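User: Could you take a close look at one part of this model with me? I would like to start with the surface of a chain and then move on to the contacts inside it.

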Amino acid sequence: MHAQAVPDVPSEAVPPMLSVRDLRTYYRANRLGIKREVKAVDGISLTVRRGEIYGLAGESGSGKSTLLNCVAGAIRPPMEIVGGDIDFAFLSGYGGLHRAPPAEVARVRWRHLSYIMQGSMNVLNPLRRLRSVFVDFAYPHVGGTRQQFERQLHAHLARLNLDRSVLSAYPHELSGGMRQRATVALATVCRPDLIIADEPTTALDVLVQKEVLGMIRGIQREMGSSVLLVTHDMGVHAHVSDRLGIMYAGHLVEEAGTAEIFRNPLHPYTKHLISSLPRIGDDAPRCGLGGAPPNLADPPLGCRFHPRCPLAMKVCSGEAPAMLETAPGHRVACFAYNQSGGA
Amino acid sequence: MSDLLLDVCHVSKIFSRGGLLSRQRITAVDDVSFQIDKRRPEILAVIGESGSGKTTLCRMILNLELPTTGRLVFDGVDLATIRTAADRMMLRQGVQPIFQNPFDSFNPMKRLERYLFLTQRRFLAATQQPASSKAAIDDALHQVGLSLKEVSHRYPHELSGGQLQRVAIARALLARPKLIVADEPVSMVDASLRLSIVNLFRTVRDLGISIIYVTHDLATAYYISDRILVIRNGSIVESGDAKAVLKYPQHPYCRQLRDAVLLPDLANAAADVPISMTGVKGTGEPDRRP
C-alpha cells in the first residue's frame with residue numbers, strides 16, 4: 001500500500017520534484033496609514049519527491065491554498081512572498097515561479113506544472129465547448145498540428161475512461177462529477193511532472209469522490225508524476241496520499257508517511273484531526289475542537305496551537321517549537337516530544 | 001388533531017423544461033412518504049447522492065415548492081391550502097430552514113445581529129419589550145456556544161464558516177420552531193468544526209425540536225441521526241433505524257454508498273483503495289429522464 005509505493009528514505013542523488021524552503025507569505029494591507037499583516041504562511045519547509053502524492057491537511061484559513069498559490073506562481077496583491085525559496089526539478093535557479101521570466105513560466109506551465117482546481121464550474125468557460133477549453137489550455141504547450149493534438153486528446157480521454165463525446169459538450173450539460181473528471185483530464189493531458197490539486201473532491205458526493213480520486217491516483221501512477229494534494233478530509237488522505245503534512249495557522253506542525261501519521265500521530269492537533277471523525281459502526285461520542293482558529297493578523301505567541309491544546313505547558317506560550325525529527329521521516333513541532341531531549 | 005408533526009403522503013415533484021414539442025419531464029421526487037411524530041422529537045437523516053432529489057424534498061417541506069402530486073401536512077395544516085402571508089408566517093414559525101453555505105445565507109453588507117433582531121421581531125416581539133428580546137437572542141446564541149457580545153456589530157466575513165453556521169442555527173431557534181430543515185448544513189464546514197455543529201443538533205433535538213438532516217456524509221448521519229431515509233432517483237430505497245441501516249444495509253445501493261465512504265483508517269484503506277482505473281465509467285449520477 002502506501003508505505004511501499006514510495007521508498008521512505010530520501011535519496012540524495014535525485015533532487016526532489018519540489019522543494020519549499022522557509023517560505024513566508026503575508027497578506028499586507030495598508031488602510032489609512034494603518035498597516036496590517038496577515039501571516040498566512042509563516043516559515044514552511046517541505047519537499048515533494050518524484051512520483052509521490054504529498055498530502056497537505058489543515059482547517060480552512062491554515063494557509064494551505066496560499067501555499068499552493070505561491071507554488072503555482074499566482075501572486076496577487078495584497079499577497080506577498082516575504083521570504084524563502086521554491087525550487088522545482090524542472091526550473092531551478094530562480095527561487096520560485098513568481099521570480100522567473102515570463103518565457104520560462106510559459107515553458108513550465110501545463111507542460112511541467114499543472115493545477116486541478118476545486119470548483120470545476122469556475123474553471124471551465126460556460127460559453128465554450130470542452131474541446132475549445134482543452135485547446136485553450138493545453139494546445140499551446142503541446143505543439144504539433146491540431147490533428148495530432150486531437151489524436152493525443154482522444155488517447156488521453158480513453159486512458160481515463162472518459163467518452164470522447166464530452167469534448168463537444170458545454171460544461172452545464174455535464175454533471176458535477178463529470179466536470180471534475182474533465183478538469184482532471186485537462187490537468188494531465190500534457191503529462192506534467194508536478195500536479196497541484198486544491199480540494200479536488202470537496203464538492204462531490206461519496207460515490208463520485210471515490211471515482212475521481214481513483215482517477216487521480218491511477219493517472220499519477222501511470223505517468224509517474226508528483227502530486228501536491230490539498231484537502232481537509234483525512235479520509236481522502238488515508239486513501240490517496242503517500243506522505244502527509246499537517247498545517248495549522250500558517251505553520252507545518254507534523255510531517256510523516258501517511259501510514260505513520262495514522263498509526264502514530266504525535267502532534268495534538270493531528271491526533272484531534274484523526275480521532276474526531278465519526279465512523280460507521282462506532283458509537284463513541286466525539287467532540288469538536290474547542291476555541292476558534294487563531295487570528296493570523298495577530299497570532300498567539302509561541303506555539304500557535306497552545307490556546308486550544310490539551311497538552312499545553314508553560315513553555316508553549318513563550319516560544320515557538322521547532323520542527324524536529326523524532327523518527328526517520330517523521331517530523332513534528334511540539335514541545336511535548338522532541339524539544340531539548342525531553343519526551 | 002393527529003399526533004403527526006409532519007405527514008409526507010405520496011409526494012412527487014416533476015419538473016418540465018423545454019418548449020411545447022421538445023418538452024422533457026424530470027421526476028425529481030417520486031412517490032415519497034414518511035411521517036414525523038409530534039411526541040417524539042428526532043433527527044431524521046435524508047441521504048442520497050447529488051441529484052437524488054434531497055433538496056427538492058426539503059424545498060417542498062419548507063413550502064418553497066409545491067408538489068406535483070401528493071399531500072404535505074405540517075402540524076395539521078395542508079401546505080397546499082396556504083395562500084396568505086399570515087398563513088406563510090404561521091408555517092415559517094413552525095418550520096425553520098438552515099442552508100448549506102452560511103456565507104450565502106447572510107447578506108455580507110448587513111450586520112449579523114440585524115438578522116437576529118428581525119427574526120425576533122417577526123415572530124415574537126409583539127408581546128415583548130426590547131430588553132427581553134435582547135435577552136432571548138443572547139439565550140439562543142448561548143445555546144449554540146456563542147454570545148451576543150461576540151456577534152453584535154460584526155459582519156458575516158468577520159466570522160469563520162463554523163461560527164456563522166452556528167449563528168444560522170441560533171437564528172432558526174429564535175422562532176421556536178417545531179421542525180428544522182437543515183440542507184447539507186456541514187458540507188461547507190471544515191472537518192474539524194463539523195462535529196461541533198453536528199453535536200449541536202443533538203442538543204437542539206433534546207430541546208424538543210425535530211430535525212431533518214439532509215446530507216451525503218454517511219459518517220455524520222450515522223453518528224447523529226435516529227432514523228434515516230436513503231433516497232435514490234427521487235424515491236426512498238431504504239429507511240429505518242439509522243444505526244441498523246448503515247451497519248447492515250439491505251439494498252445494494254445503500255451498500256454501495258456505505259462502501260464508498262473513505263474512512264480515516266489505514267486498516268480499511270488497505271482493503272479497498274479505489275486505485276483501479278476500471279469501473280470509472282459513467283457519470284456516477286443517475287439519469288432522471290423517464
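How much accessible surface does chain A have, and what percentage of it belongs to carbon and sulfur atoms?

Analyst: Happy to help, and please keep in mind that this is a predicted model. The accessible surface of chain A is about 14200 Å², and carbon and sulfur atoms account for 53% of that area. Here is the setting for that number. Chain A is built from 11 helices and 11 strands. Its C-alpha atoms occupy a box of roughly 65 × 55 × 45 Å along the principal axes. For 343 residues, a compact globule would be expected to have a radius of gyration near 20 Å, and the 21 Å of chain A agrees with this. Of the 343 residues in chain A, 54% are buried. If you consider contacts in chain A between residues at least 6 apart in sequence, 63% of them join residues at least 24 apart.

Let's zoom in on strand 1 of chain A, which spans residues 18–31 and includes A:Tyr27. A:Tyr27 has a relative accessibility of 27%, so this residue counts as partly exposed. Beyond its neighbours within four places in sequence, A:Tyr27 touches A:Arg36, A:Glu37, A:Val38, A:Ala40, A:Thr66, A:Pro78 and A:Met79. With one of these, A:Thr66, the side chain of A:Tyr27 makes a polar contact of 3.1 Å. The C-alpha atoms of A:Tyr27 and A:Pro77 are 7.6 Å apart in space, although 50 residues separate the two in sequence.

That brings us to the backbone. The peptide bond leading from A:Pro77 to A:Pro78 is cis, its omega being near 5°. A:Pro78 itself sits in the loop between helix 2 (64–72) and strand 4 (79–88) of chain A. Back in strand 1 of chain A we also find A:Asp22, a residue that is not a glycine and yet has a positive phi of about 45°. Both features deserve a glance in your viewer, because most residues other than glycine have a negative phi and most peptide bonds are trans. A:Asp22 is partly exposed, at a relative accessible area of 38%. Chain B offers another positive phi: B:Arg176, again not a glycine, has a value near 50°. B:Arg176 belongs to the loop between helix 7 and strand 7 of chain B, and its 52% relative accessibility makes it exposed.

The charged pairs come next. Over all chains, the structure contains 30 salt bridges. In one of them, A:Arg131 pairs with A:Glu150, with 3.0 Å between the closest N and O atoms. A:Arg131 is in helix 5 (residues 130–142) and A:Glu150 in helix 6 (residues 146–159) of chain A, so this salt bridge ties together parts that lie 19 residues apart in sequence. A:Arg131 is partly exposed at 26% relative accessible area, while A:Glu150 is buried at 17%.

Another salt bridge joins the side chains of A:Arg243 and A:Glu255, at an N to O distance of 3.9 Å. A:Arg243 is in strand 8 (residues 243–248) and A:Glu255 in strand 9 (residues 251–257) of chain A, so to speak 12 residues apart. A:Arg243 and A:Glu255 are both buried.

In chain B, the side chains of B:Asp75 and B:Lys178 form a salt bridge at 2.6 Å, N to O. This pair links parts of the chain that are 103 residues apart: B:Asp75 is in the loop between strand 4 (69–74) and strand 5 (77–78), and B:Lys178 is in the loop between helix 7 (161–174) and strand 7 (179–183) of chain B. B:Asp75 is buried, with 14% relative accessible area, whereas B:Lys178 is partly exposed at 41%. Back in chain A, salt bridges with shared partners connect A:Arg21, A:Asp85, A:Asp87 and A:Arg99 into one network.

Finally, a look at two helices. A:Gln180, in helix 7 (residues 176–188) of chain A, is buried at 2% relative accessibility, and its side chain reaches the backbone oxygen of A:Pro200 at 3.1 Å. In helix 11 (residues 252–260) of chain B, the buried residues include B:Tyr253, B:Cys254, B:Leu257 and B:Ala260. Viewed down the helix axis, the buried residues of helix 11 of chain B fall within an arc of 130°, so they line one face. They pack against helix 8 (206–223) of chain A, and also against strand 3 (43–47), helix 9 (218–224), strand 9 (227–232) and strand 10 (235–241) of chain B.

Notes: Residues are numbered from 1 along each chain as its sequence is written. Chains are lettered from A and ligands numbered from 1 in the order in which they are written. This is a predicted model: local features need pLDDT of at least 70, side-chain atom pairs count only at pLDDT 80 or more; totals for chains, interfaces and linings use all residues. Side-chain values use heavy atoms; hydrogens and water are left out. A salt bridge is a side-chain nitrogen of Lys or Arg within 4 Å of a carboxyl oxygen of Asp or Glu. Helices (H or I, at least four residues) and strands (E, at least two) are DSSP runs, numbered from the N terminus. Buried means under 20% relative accessible area, exposed over 50%, partly exposed in between (1.4 Å probe, protein chains only). The arc is that of the directions from the helix axis to the C-beta atoms. Contact means heavy atoms within 4.5 Å. A polar contact is a pair of N or O atoms within 3.5 Å; within protein, one must be able to donate a hydrogen and the other to accept it, and residues adjacent in sequence count only if both atoms are side-chain atoms. The radius of gyration is taken over C-alpha atoms; the globule rule is 2.2 Å times the number of residues to the power 0.38. Accessible areas come from the Shrake-Rupley method with a 1.4 Å probe; for residues, only the protein chains shown count as cover.
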